[in-house]
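User: Please take a close look at a single part of this structure and describe it in connected prose. Say first how far the coordinates can be relied on.

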Amino acid sequence: MNGYEKLISIIRQEVKRNQETYRIKRGTMTSAKTCAVGELELDEEDLIKADIELKKGDEVLIVKLSEDTWVILCKVVNV
């Protein structure tokens with residue numbers, strides 16, 4: 001693999017990693033301070049949220065910022 005091929009490979013890996021990191025997902029509050037995203041259970045140490053009241057069962061939109069930090073963007077409701 002020459003230098004150009006190696007650089008292209010690194011760029012592709014970073015793009016793939018960043019797409020997963022900043023993808024908005026739907027989560028369910030399992031308590032006022034914990035949230036489940038699929039099989040992943042996040043506790044209050046993992047979460048940052050807007051100034052909104054949340055309770056068990058609320059559906060939220062959530063995004064991963066880093067390996068150990070997730071942000072709850074908003075609460076979503078059915079209309």
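Analyst: This is a predicted model, in which local features need pLDDT of at least 70, side-chain atom pairs count only at pLDDT 80 or more, and totals for chains, interfaces and linings use all residues. Residues are numbered from 1 along each chain as its sequence is written, and side-chain values use heavy atoms, without hydrogens and water.

The chain has a mean pLDDT (the predictor's confidence in each residue, from 0 to 100) of 87, and 92% of its residues reach 70 or more. Confidence is highest in strand β2 (residues 35-37), at 96, and lowest in α1, at a mean of 75. Where pLDDT is low, the predicted coordinates should not be read in detail.

The part chosen here is strand β6, which covers residues 69-76; strands are DSSP runs of E with at least two residues, numbered from the N terminus. One partner of β6 is strand β5 (residues 59-66), and the two run antiparallel, with 7 bridges between them; strands count as paired if DSSP finds at least two bridges. Within this pairing, Lys64 has Trp70 of β6 as its bridge partner. Strands β5 and β6 also make up a hairpin, in which 2 residues lie between the strands.

Strand β6 pairs with β4 (residues 47-49) as well, here in the parallel sense and through 3 bridges. On that side, Ile72 of β6 lies opposite Lys49. Taken together, β6 is joined to β5 in antiparallel fashion and to β4 in parallel fashion.

Key:
Helices (H or I, at least four residues) and strands (E, at least two) are DSSP runs, numbered from the N terminus.
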